[in-house]
Amino acid sequence: MVADKGKKSKVSDRIVEEDSDHIDGELVLSIEKLQELQDELEKVNEEASDKVLELEQKYNEIRSPVYIKRNEIIKSIPDFWLTAFLSHPALCDLLSEEDQKIFKYLGSLEVEDFKDVKSGYSITFNFNQNPYFEDTKLMKTFMFFDEGTTKITGTAIKWKEGMVTGTSNGVNHDKKGNKRPFAEESFFAWFSETQQKDTADGLHDEVADIIKEDLWPNPLKYFNNADEEESDGDEDDDMERGDDEDEEQEDEEEDGNEEDS
C-alpha cells in the first residue's frame, strides 16, 4: 500500500509538471503573438507619423503667404507685438520696463518650421532701426537630432556703445566687445540661452514653446485681450460710480424725510 501511494504521488507530480510546461508554453506563445501585433502597430504608427509630417509640410506652404499678409497688416498697427506680449498670461512677466521700450521698435515676428518639420524651427524678431542695438534681426533656432538632443543657436546681440541706461538691466556697455551681461529679468537674455538640451531629460525651452504653439498661431487673440481688459475696467468704474450715485441719492432722500418729519 505504501508503494502504491508513492507511485501515485510520482504520477501526480509528473502530471503537474506537464501541465505547468503546457501552461508556460501557451504563455510564451501568447506573448510572442502579442509582440508581433505590437510590432505591426508600431509600423502603422510610424506610417501615420510620416503622413502627418507630410500634411504639416504641405499646409505650412499654404500658410506661408497668409502669414506674410498678416505680418504686413500687423506692421500698420502701433505696438501690436508689445501689446500681445503684455496681454499674454505667461509672456507678460518676461518683459521688463526697459524691454518694453525696446519692443516698441519690433516690426514683425516670424516662426518658421524647417522644410523637414521634425528637424527643427526658428523664431525671428525683426526690429526697426533703434537706439539700443545694431541688429535688425534677432533669431533663435532649434535643431532636433535623432538621438534626442536639441541644438540651440541664438543671435549675439550687438548693443550700441554708450547704452548705459535705457537697456535691459542698466549695466554699463562693455566697450571691449559686443556681448553685454544680462539681468535675469530681461527678455533679451533668452537669445543667449543656447546650451544643448537633451529632450529625454524633459528639458525644453518654455518661451519658445509658448511663442510657437500659442502666440504665433493667433496673436490677435491676445492683442484683443488688452481692449477687453480696458473695457472691463471701464465697466467696473461705471458700476462703481453708479453705486456711489445711488447711495448719494438714498442719503439725500433720507435727509429730506427727516426734515419733513
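Accessible areas here come from the Shrake-Rupley method with a 1.4 Å probe. On that basis the protein chain of this predicted model exposes about 18000 Å², and carbon and sulfur atoms supply 50% of that area. Of its 261 residues, 27% count as buried. The chain has five helices and five strands, and read from the N terminus the elements go α-α-α-β-β-β-β-β-α-α. Among the contacts with a separation of 6 or more, 53% are between residues 24 or more positions apart.

Helix H1 covers residues 2–74, and Tyr59 has its place there. Together with Leu55 and Ile62, Tyr59 makes up a nonpolar patch on the surface, the three sharing about 290 Å² of accessible area. An α-helix has 3.6 residues a turn, so residues three or four places apart point the same way. Tyr59 itself comes out at 40% relative accessibility and so counts as partly exposed, the range for that class lying between 20% and 50%.

Past H1, in the loop that leads to H2, sits Asp79. Its backbone is a bit unusual: phi of Asp79 is near 55 degrees, a positive value in a residue other than glycine. Most residues other than glycine have a negative phi. Asp79 is partly exposed, with a relative accessible area of 28%.

Then comes H2, residues 80–87, which is mostly covered, with six of its eight residues buried. The buried ones are Phe80, Trp81, Leu82, Ala84, Phe85 and Ser87. Further on, Cys92 lies in the loop between H2 and helix H3 (97–103). With a relative accessible area of 24%, Cys92 falls above the 20% limit for buried residues and is therefore partly exposed. Its contacts turn back to H2: leaving aside neighbours within four places in sequence, Cys92 is in contact with Phe85 and Leu86. As for Leu82, ten residues from Cys92 along the chain, the two C-alpha atoms are separated by 9.2 Å.

Now to the interior. In soluble globular proteins, nonpolar side chains tend to be buried together. The largest nonpolar core here has 35 residues, and Phe125, Phe188, Trp190 and Ile211 touch the most other members. Two or more residues of this core come from each of H2, H3, strand E1 (106–113), strand E2 (120–127), strand E3 (137–144), helix H4 (206–215) and helix H5 (219–260). H2 gives the most, with five residues. Trp190 shows how such a core member is surrounded: apart from neighbours within four places in sequence, Trp190 is in contact with Ile123, Phe125, Lys140, Phe142, Asp205, Val207, Ala208 and Ile211.

Helix H4 also holds Lys212. Despite being a lysine, Lys212 is buried, with a relative accessible area of 16%. Not counting residues up to four places away in sequence, Lys212 touches Val111, Asp113, Tyr121 and Pro217.

Aromatic rings deserve a look of their own. The structure holds 26 aromatic pairs. In one of them, the rings of Tyr67 and Trp216 have their centres 4.7 Å apart and their planes at 45 degrees, so the pair is tilted. Tyr67 belongs to helix H1 and Trp216 to the loop between H4 and H5, so this pair ties together parts that are 149 residues apart in sequence. The two partners differ in cover: Tyr67 is partly exposed, with a relative accessible area of 22%, whereas Trp216 is buried, at 5%. Another pair joins Phe125 and Phe191, whose ring centres are 5.6 Å apart and whose planes stand at 80 degrees, so this one is edge-to-face. That pair, too, links distant parts of the chain, with Phe125 in strand E2 and Phe191, 66 residues away, in the loop between strand E4 (149–154) and strand E5 (197–198). Both Phe125 and Phe191 are buried.

Ring pairs also build a cluster, linking Phe85, Phe103, Phe125, Phe127, Phe133, Trp159, Phe187, Phe188, Trp190 and Phe191. Several names recur here: Phe85 is one of the buried residues of H2, while Phe125, Phe188 and Trp190 are among the residues that touch the most other members of the largest nonpolar core.

Key:
Residues are numbered from 1 along each chain as its sequence is written. This is a predicted model: local features need pLDDT of at least 70, side-chain atom pairs count only at pLDDT 80 or more; totals for chains, interfaces and linings use all residues. Side-chain values use heavy atoms; hydrogens and water are left out. Buried means under 20% relative accessible area, exposed over 50%, partly exposed in between (1.4 Å probe, protein chains only). Helices (H or I, at least four residues) and strands (E, at least two) are DSSP runs, numbered from the N terminus. Contact means heavy atoms within 4.5 Å. Patches are made of residues with over 30% relative accessible area and no salt bridge: like charges are joined within 9 Å, nonpolar side chains (Val, Leu, Ile, Met, Phe, Trp, Tyr) within 5 Å. A salt bridge is a side-chain nitrogen of Lys or Arg within 4 Å of a carboxyl oxygen of Asp or Glu. A nonpolar core is a set of buried Ala, Val, Leu, Ile, Met, Phe, Trp, Tyr and Cys residues joined through side-chain atoms within 4.5 Å. Rings of Phe, Tyr and Trp (its six-membered ring) pair if their centres lie within 6.5 Å; planes under 30 degrees apart count as stacked, over 60 as edge-to-face and the rest as tilted.
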